[in-house]
Amino acid sequence: HRTIPSGDFGGSGAWIDFRGPAGTFPTVSFSKVVQGKIDPSFFRGKIVVVGATEPNLHDVANTSTGEMAGAEVHANTIYTILHGFPLHSSGTIVDILLVLALALFVPLISLRLGPLPVMGASVALGGVYAVVVQLAFNGGTILPFLYPQLGLLLSLIGSLVVHYRTVEAQLLSLSEAIDRLVEQISIGDKIGRAHV
């Protein structure tokens, strides 16, 4: 019997804190309730959501925990509200900084390390970041996952391409220098202690 201020939902809505997959909340058949086969004390002190759970009735939604009947989505929404909206986004600035941090990691360490250590460090950072995202979620903060990981992957690919092109250019330059040296040497020339 209390009104939830619209500000509690945030500007674009609030995250639903799903307690688990379909079937997490107890359900009873409506017909059994009407027939008096369910003890009324079962409902005492509880909020009851009445709705269809049969998928053929098309009142289903795809959620983070799988396909769920609309009534169960409402039950999870009510649970979220009653528990004070426990999930919050990290915010746009934090999201952008995380994307930039992971995207710049590879170019910065590529200045000191070769391609194999860079690949290993990138994979390790991607794994550590996945753990950080999960721990933050467990604490109620939703961090971006896909875009920072994508930034890390694209910068790794770019770094490997630059490394390959640089090595290729160095080999070409060395090959041209050897060709020029060979063109300048003729039979009878002395190079150090060797005679051609």
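The largest pocket holds about 760 Å³ of space. Its lining counts 25 residues, and those closest to the pocket centre are Pro-26, Thr-27, Ile-47, Val-48 and Val-49. Two elements give two or more residues to this lining: α1 (30-34) and α2 (70-82). Of the elements, α2 gives the most, with six residues. By class, the lining has 16 nonpolar residues, six polar and three charged. Keep in mind that this is a predicted model.

Turn now to the second largest pocket. Its volume is about 210 Å³. Which residues line the second largest pocket? Trp-15, Ile-16, Asp-17 and Phe-18 are among them. So are Ser-64 and Thr-65. Leu-87, Phe-137 and Ile-142 complete the list. Sorted by class, this lining has six nonpolar residues, two polar and one charged.

Next, the overall layout. The protein has five helices and six strands. Followed along the sequence, they run α-β-β-α-β-α-α-β-α-β-β. Contacts across the sequence are also worth a look. Take the contacts in the protein with a separation of 6 or more: 62% of them join residues 24 or more positions apart.

What is buried, and what is exposed? The protein has 196 residues, and 20% of them count as buried. Buried here means under 20% relative accessible area. The exposed surface of the protein comes to about 14,100 Å², and carbon and sulfur atoms supply 64% of that area.

In soluble globular proteins, nonpolar side chains tend to be buried together. The largest nonpolar core in this model has eleven residues in all. Leu-98, Leu-102, Val-106 and Ile-109 belong to this core, and so does Val-118. Tyr-129, Val-133 and Ala-136 are members too, along with Leu-143, Leu-152 and Leu-156. Which helices supply at least two residues each to this core? They are α3 (92-110), α4 (115-138) and α5 (146-184).

Val-106 offers a close view of the core, being one of its members. Leave aside residues up to four places away in sequence, and Val-106 touches Val-118, Ser-122, Leu-152, Ser-155, Leu-156 and Ser-159. Val-118, Leu-152 and Leu-156 are themselves core residues. Find Val-106 in the model, then trace its contacts out to Ser-122, Ser-155 and Ser-159 as well.

Technical notes. Residues numbered from 1 in each chain as written. Predicted model: local features only at pLDDT ≥ 70, side-chain atom pairs only at ≥ 80, totals over all residues. Heavy atoms only, no water. Core = buried A, V, L, I, M, F, W, Y, C linked by side-chain atoms within 4.5 Å. Buried < 20%, exposed > 50% of the residue type's maximum accessible area, 1.4 Å probe, protein only. Helix = DSSP H or I, 4+ residues; strand = E, 2+ residues; numbered from the N terminus. Contact = heavy atoms within 4.5 Å. 1 Å grid on protein atoms, 1.4 Å probe; cavity = no way out; pocket = protein on both sides within 12 Å on 5 of 7 lines; lining within 4 Å. Points joined across faces, edges and corners; volume = space filled by probe spheres on them. Nonpolar A, V, L, I, M, F, W, Y, C, P; charged D, E, K, R; others polar. Areas by Shrake-Rupley, 256 points an atom, 1.4 Å probe, with all protein chains shown as cover.
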